[in-house]
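Reader: I've just opened this structure and I'm not sure how to read it. Could you walk me through a few features?

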Amino acid sequence: MSAKLSGDVYYPSEEVLSKAHIKNWDELSKKATEDYEGFWEERANELNWFKKWDKVIDDSNKPFYKWFTGAQTNISYNCLDRHVKTERRNKLALIWEGENGDFETMSYYRLHKETCKFANILKSMGVEKGDRVTIYMGRTPEIVIAMLACARVGAIHSVVYGGFSVEALHERIEDSQSKVLIVSDGAYQRGKIVPLKEIADEALQRAGGIEHVIVIKRTGQDVNMEFGRDMWYHELANLPIANQSCALEIMDAEDPLFILYTSGTTGKPKAILHTHGGYQVGTYTTLKYVFDIHEEDRYWCAADPGWITGHSYIVYGPLLNGATSFLYEGAPNYPYPNRWWSMIENYGINILYTAPTAIRGLMRFGDAWINRHDLSSLKLLGSVGEPINPEAWKWYHKVVGNEKCPIMDTWWQTETGMFMITPMPCVPLKPGTGTRPFPGIEMDILDDDGKPVGANEEGYLVIKTPWPSMIRTIYGDPDRYVNQYWSKYPGVYLTGDSAKRDEDGYIWVIGRVDDVIKVSGYRLGTAEIESALVSHQAVAEAAAIGIPDDVKGNVIYSYVILRAGVEGTDELKEELRQHVGYEVGPIAKPASVKFVEKLPKTRSGKIMRRVLKAEEMGEDPGNLSTLED
């Protein structure tokens, strides 16, 4: 990438390049492409294996690919035991702050001991290799410990985000056929207590199969404890069964590690299955290279462990790299909009990885809250969850990163397990694009007939090569796995997203295929309309949907959250319509602009446009289990 790139480009500084693990993306990419198996084998050799593999990739039963077949390992060993045997044993693995100001740190030595205690408790309850354990908690150290303990004994953990409804929890317990539930009494969120145990009790009235419930005390309110089923973790941890030493289960590389549910617009959630061997190689490698993890770094992924971002880049990725990771329980703007910035300053955070929705939400409050704090410890920023608007990217870079922190804009999915389209600190950046596929990963953009589209033409984003941390199947439903991901273009993985590739080979993800609006024959991505709206100085956040129209096929309805202090007027609505027309083109002018206080979002921060559309059309919005509010 030595040639000059087109458009708005941010080149890496000499200081950034001098410290980066990877200083030349082209060289690494060439090496990975020429010897793909050798590239991943080399990465795998940086981790511990009780027995090495017979084969790196087994593609004998496509699309049910296997990685590192014949190898034996356990991801818990690579996250904890191997570090405890080195000088890292006393290094901080985890720094935690509760929304109410509670604080805790754990060294690798202590995290290992706590994991062993929890693993022994699970064993005492009859949990064995292959059993499913559901985890329903807030963002506290115990959720990390519980996941690692499951991995240690060979159980398959199913983490359900700690804000999901009764029905969503019940549905996931039933589908996974879990025998143990781990739940907090409650969690703090915006100064209130989320009654997790109460929600779990109601879910368990509808779901059979749970034999034991382990209850973590966090908030301390009175909760129902059913005799013979429910037990307090802090009491169990003081019993002789909770020994601080626990032999781990030797796992085949292809043995299941976890299932994680993703919700579609209709139908039951899909249980995405990941395994020990390939998943650890993929998450370890991508975090190391993309966020340039060094021994002294303090890294903060501001997601929730209940999502794939939290699994891969709060729990497993950082621990595999021997990093110090920060975990925060509550909301980004509670009690004031400077909560995040004060913690970055207080703990000397070097890397912040968050979602565009959080960035846009904090943009709303202006720069003053940030400028009160010293954020000079930051060296890298990251974005995840949906395409980031160029305007938000620039604000993040300028105001949060002080124009010195490269932004790692990552595209990936629950199904991919690891970053798939992403820069590294050595890569020139363009606001709004994740740049190129991770080295060795071959991706393309196809039309309906399966032919590659031209530069700057939109099409279906696909993956053409297998990758170590790829989904192995949909748990309990292999036919759905094949139909969902591999049937449109045989032999090619369909991501479900639309995208385009510019003249420099950079991929611009537009959004879910369902989020593309066809107006008078033109395909318009909701992301580009929303980006145009957010680029207006009055707008903090926006959503766009298509509404059926007899003449145009669809017309665009937009929903706008204004910046603090801006008054919503009819004149401003027209100004925003014209602004979108100027930024995108006259065809993209919204037929309707509505000012709103909030937008319907999933708890991971993605806008649920189908809810807006259903409301406009008076239809059933479908499954709302992932709705934030």
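## Reading the features one by one

Author: Sure, and keep in mind that this is a predicted model. Let's begin with contacts. If we skip the neighbours within four places in sequence, V513 is in contact with Y460, G496, D497 and S498.

Reader: Where is V513 found?

Author: V513 sits in the loop between β25 (507-512) and β26 (516-519). Its relative accessibility is 22%, so V513 counts as partly exposed. You can also compare sequence and space: V513 and T526 are 13 residues apart along the chain, and their C-alpha atoms are 9.9 Å apart.

Reader: Let's try salt bridges. How many does the structure hold?

Author: There are 39 salt bridges in the structure. Here's one to look up: the side chains of E97 and R339 meet at 3.0 Å, N to O. That pair links distant parts of the chain, with E97 in strand β4 (residues 92-97) and R339 in helix α12 (residues 339-347), 242 residues apart.

Reader: Are E97 and R339 buried or exposed?

Author: Both E97 and R339 are buried.

Reader: What about a salt bridge inside a helix?

Author: First the general idea: an α-helix has 3.6 residues a turn, so residues three or four places apart point the same way. Now the case here: K197 and D201 both lie in helix α8 (residues 196-206), 4 residues apart, or about one turn of the helix. They form a salt bridge whose closest N and O atoms are 2.7 Å apart.

Reader: Which other residue meets K197 in a salt bridge?

Author: That's D230, whose side chain meets K197 at 2.9 Å, N to O. D230 lies in strand β12 (residues 230-232) and K197 in helix α8, so this pair ties together parts that are 33 residues apart in sequence. D230 is buried, with a relative accessible area of 7%, and K197 counts as buried at 0%. Elsewhere, salt bridges that share partners join K31, E42, R43, E46 and K288 into one network.

Reader: Which residues gather in a patch of negative charge on the surface?

Author: Look for D35, E37, E41 and D59. Of these, E41 has its place in helix α3 (residues 36-44), and it is partly exposed, with a relative accessible area of 30%.

Reader: How many of the 8 residues of helix α13 are buried?

Author: The count is 7 of the 8, so helix α13 (residues 356-363) is largely enclosed by the rest of the structure. The buried residues are P356, T357, A358, I359, R360, L362 and M363. To see what covers them, turn on elements including α12, β18 (351-354), β19, α15 (390-400), α17 (526-534) and β28 (539-549).

Reader: Now some loops, please. Where does K379 lie?

Author: K379 lies in the loop between α14 (368-371) and β19 (380-383). It is partly exposed, with a relative accessible area of 25%. Beyond its neighbours within four places in sequence, K379 has contacts that include F291, D292, H294 and N350.

Reader: And is D304, in its own loop, buried or exposed?

Author: D304 is buried, with a relative accessible area of 6%. Its loop runs between β16 (298-301) and α11 (308-320). Not counting residues up to four places away in sequence, D304 touches R139, Y161, G310 and I314.

Reader: How should I read the backbone angles?

Author: Start from the general rule: most residues other than glycine have a negative phi, and most peptide bonds are trans. Then look for the exceptions. The peptide bond from K62 to P63 is cis, with omega near 0°, and P63 is in the loop between β1 (55-58) and β2 (66-69). The bond from Y334 to P335 is cis as well, with omega near 0°; P335 is in the loop between β17 (324-328) and α12.

Reader: Which residues have a positive phi without being glycine?

Author: Among them are E403, with phi near 60°, and T435, with phi of about 70°. E403 is found in the loop between α15 and β20 (407-409), while T435 is in the loop between β20 and β21 (443-446). At 54% relative accessibility E403 counts as exposed, whereas T435, at 1%, counts as buried.

How values were computed:
Residues numbered from 1 in each chain as written. Predicted model: local features only at pLDDT ≥ 70, side-chain atom pairs only at ≥ 80, totals over all residues. Heavy atoms only, no water. Patch = residues over 30% accessible without salt bridge, like charges linked within 9 Å, V, L, I, M, F, W, Y side chains within 5 Å. Areas by Shrake-Rupley, 256 points an atom, 1.4 Å probe, with all protein chains shown as cover. Salt bridge = Lys/Arg side-chain N within 4 Å of Asp/Glu carboxyl O. Lys, Arg positive; Asp, Glu negative; His and termini not counted. Charge placed at Lys NZ, Arg CZ, Asp CG, Glu CD. Helix = DSSP H or I, 4+ residues; strand = E, 2+ residues; numbered from the N terminus. Buried < 20%, exposed > 50% of the residue type's maximum accessible area, 1.4 Å probe, protein only. Contact = heavy atoms within 4.5 Å.
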